[in-house]
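Here are some short exercises to work through with the structure open beside you. Try each task before reading its solution.

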Amino acid sequence: MILPASTLTEDDVSAKGAATDSSGASPVASSRPGYTSLDVRLSGVGRSFGDHTVLRDVSLTVAPGEVLAILGSSGCGKSTLLRAVGGLDTGSTGEILINGSPVQRYDERTAVGFQEPRLLPWRSIYKNISLGLPRSLSKAEGRERVDELLELVGLKDRAALRPREISGGMAQRASLARALARRPGVLLLDEPFGALDALTRLKMQDLLLDVHAQTGTTVLLVTHDVDEALQLADRVLLLGKNAQDPTAAEGATIARLLNVPGSRPRDRASAELAALRGELFSGLGVDSHTH
Ligand SMILES: Nc1ncnc2c1ncn2[C@@H]1O[C@H](COP(=O)(O)OP(=O)(O)OP(=O)(O)O)[C@@H](O)[C@H]1O
């Protein structure tokens, strides 16, 4: 049973984040009954398309329950990396392990959410979410799970509507619920809020924090938004040229890997975050105009 985040006690919230994994990575969340949080280990991951090298030598461990934001300039390979972790692309080199075993084609331990909600227009919201259920569930179990998810993403009273009858933000919530329906150990989100207006985007960020507090799922989040990364992530991975080796061969690698301090939800105006924001902007080649 998934409870709305508002029913969590302070103890529930502070119990999260107490542990750290052996990689020295960020705090890990404990998952709720029925959910799992899996670790992801990347070793020397690379990807080329023909003679165009997009990614090279990406190595890191994402702790169970961690939220890792992936930033980088357009075309640097963020989606390519995410697709490789989900087994949507099998052309990468190096090794990707989830919970110690290699990623499979369309790995069932993962679920992917995209910028466009990708809902079937002729199906109800309820039915669209049920499309994400694992086949192993009975009808009754499936119904119970979809009801929980509708509650979790605040769409209980919209279940019977078609996608065109709800707003873009609601459609994105339905898409998130569909991705969660198989209770993935690793949730892969590719610019999930990129097409939403600024206010809806902030609300969706809060919703994702609620969902993460409820499920403890490991999240890899590709975003272009530095503030979104700082608000949501335990760590931020900046893909780009290696600053220590500017003459290195083409292809993006880990340019920076930053811990984001403070527990969520974070104070958007804190001085610590402002310093990190400046560092990330400079890593992205953008002048943050601080004087
Ligand atoms: N199937 C493919 N065949 C050939 N080239 C590809 C393929 N998929 C990706 N690429 C190339 O790999 C590079 C990285 O693409 P990718 O979509 O991963 O970048 P990104 O960082 O996610 O970009 P954006 O921020 O613009 O979404 C691009 O140059 C793209 O053209």
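The exercises below concern a predicted model.

**Exercise 1. The ligand shell**

Task: List the residues around the ligand, and find which helix gives the most to the shell.

Solution: Start with the list itself: Phe49, Val54, Gly72, Ser74, Gly75, Cys76, Gly77, Lys78, Ser79 and Thr80 surround the ligand. Next, look at the helices: H2, spanning residues 78-86, gives the most to this shell, with three residues. Finally, sort by class: the shell holds six polar residues, three nonpolar and one charged.

**Exercise 2. The nonpolar core**

Task: In the largest nonpolar core, which residues touch the most other members?

Solution: The core has 62 residues, and those touching the most other members are Ala69, Ile70, Ala177, Leu220 and Leu221. Helix H5 (residues 168-180) gives the most to this core, with six residues. Now take Ala69 and set aside its neighbours within four places in sequence: the contacts of Ala69 are then Leu221, Thr223, Ala229, Leu232, Ala233, Val236 and Leu237. As background, nonpolar side chains tend to be buried together in soluble globular proteins.

**Exercise 3. The open sheet**

Task: Work out the strand order of the four-stranded open sheet, then identify the edge strands.

Solution: The order is S4-S3-S6-S7, with antiparallel pairing. At the edges are S4 (52-62) and S7 (101-102), each of which pairs on one side only. Zoom in on S3 (residues 40-49) and S4: these antiparallel strands are joined by seven bridges. For one example, follow Arg41 across to its bridge partner in S4, Thr61.

Definitions and conventions:
Residues numbered from 1 in each chain as written. Predicted model: local features only at pLDDT ≥ 70, side-chain atom pairs only at ≥ 80, totals over all residues. Near = placed C-beta within 6 Å. Helix = DSSP H or I, 4+ residues; strand = E, 2+ residues; numbered from the N terminus. Nonpolar A, V, L, I, M, F, W, Y, C, P; charged D, E, K, R; others polar. Core = buried A, V, L, I, M, F, W, Y, C linked by C-beta atoms within 7 Å. Buried ≥ 20, exposed ≤ 12 C-beta atoms within 10 Å, placed from the backbone. Contact = placed C-beta atoms within 7 Å. Pairing = 2+ DSSP bridges.
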